[in-house]
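Hello,

Here is the structure I promised to pass on to you. Have a look at it first, and then read my notes below.

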Amino acid sequence: MEAKRWIDLLGDQVPVDVFGAAAGRGVQVVEESLALNLTGALICEADTAALINIEVGEAMPWRRYTCALLLGHFAQLPDSPTCHIHFDRRTLKEKSADAFEPANAFAHEFALNLLMPEDTLRNLHAQNPGLFELARRCGVPPGILKERIDWLGLPVLE
């Protein structure tokens, strides 16, 4: 998967420096107040650096996930793209149709792989730290961690 190449460059220690990963790919990340119902946005214009805007009012684990998700969208784009991609994290909770479109599914899988590298997560999971402690170590929301654990077929943590 594309995220694996990014992990090879970043290392697999958690929490992964997702903001540094963006900068390393030439993507500027700005945390600011965004429009109502908007958690983040990826903006690409011809002849300018890509920009990820993240809602500053979100908790840091959600800001990290949003950045990784939008990097997943960025990874799918051709060179010199023009795009405006908006993200509202409630689409994940609501399981809306948009959350299951191929580009969104790829970006979500990319984010899970980038934020929680498989080998590292398996090693940490084996220590049985509990769901909330492991989410804290990985710097991700507990629900996102639980999804990654399920995806890898690991036992549920209490």
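Before we get to how the helices pack, one definition will help: a helix axis here is a line fitted to C-alpha atoms over the stretch in contact, and angles run from 0 to 180 degrees between N-to-C directions. Please also keep in mind that this is a predicted model.

With that in hand, start with helix α5 (residues 102-115) and helix α8. Their axes lie 10 Å apart and the two pack at an angle of about 90°. Angles of 65 to 115 degrees count as roughly perpendicular, and α5 and α8 are therefore roughly perpendicular to each other. On the α5 side the contact uses H108, E109, L112 and N113, while α8 brings I144, E147, R148 and W151. Sorted by class, the residues of this contact are 3 nonpolar, 2 polar and 3 charged.

Helix α8 (residues 142-151) also meets helix α7 (residues 131-138): their axes come within 9 Å and cross at roughly 100°. That angle makes α7 roughly perpendicular to α8. Here L131, F132, L134 and A135 of α7 touch P142, L145, K146 and I149 of α8. The contact of α7 with α8 has 7 nonpolar residues, no polar ones and 1 charged.

One residue of α8 deserves a visit of its own. Is I149 buried or exposed? I149 sits in helix α8 and has 2% relative accessibility, so it counts as buried. Setting aside neighbours within four places in sequence, I149 is in contact with H125, L131, L134, L154, P155 and L157. You can also look for R122, which is 27 residues from I149 in sequence, with 8.7 Å between their C-alpha atoms.

Now, to step back to the whole protein. There are 8 helices and 4 strands, and along the sequence they follow the pattern α-α-β-β-β-α-β-α-α-α-α-α. Of the 158 residues in the protein, 45% are buried. Among contacts with a separation of 6 or more, 65% are between residues 24 or more positions apart.

Which residues have the most contacts inside the largest nonpolar core? This core has 39 residues, and the ones with the most contacts inside it are I52, Y65, L71, M116, L134 and L145. Helix α3 gives the most to this core, with 7 residues.

That brings me to α3 itself, which covers residues 60-76. At 1.5 Å a residue its 17 residues should span 24 Å, and its end C-alpha atoms are 25 Å apart, which agrees. The helix is mostly covered, with 12 of its 17 residues buried. The buried residues are W62, R63, R64, Y65, T66, C67, A68, L69, L70, L71, G72 and H73.

Finally, take a look at L71, which is found in α3. L71 has a relative accessible area of 0%, so it is buried. The C-alpha atoms of L71 and V18 are separated by 8.9 Å, although these residues are 53 residues apart along the chain.

If you would like a path through the model, you could go from the contact of α5 with α8 to I149 in α8, and then on to L71 in α3.

Happy exploring, and best wishes

How values were computed: Residues numbered from 1 in each chain as written. Predicted model: local features only at pLDDT ≥ 70, side-chain atom pairs only at ≥ 80, totals over all residues. Heavy atoms only, no water. Parallel < 35°, antiparallel > 145°, perpendicular 65-115°, else oblique. Contact = heavy atoms within 4.5 Å. Nonpolar A, V, L, I, M, F, W, Y, C, P; charged D, E, K, R; others polar. Expected span 1.5 Å × (residues − 1). Buried < 20%, exposed > 50% of the residue type's maximum accessible area, 1.4 Å probe, protein only. Core = buried A, V, L, I, M, F, W, Y, C linked by side-chain atoms within 4.5 Å.
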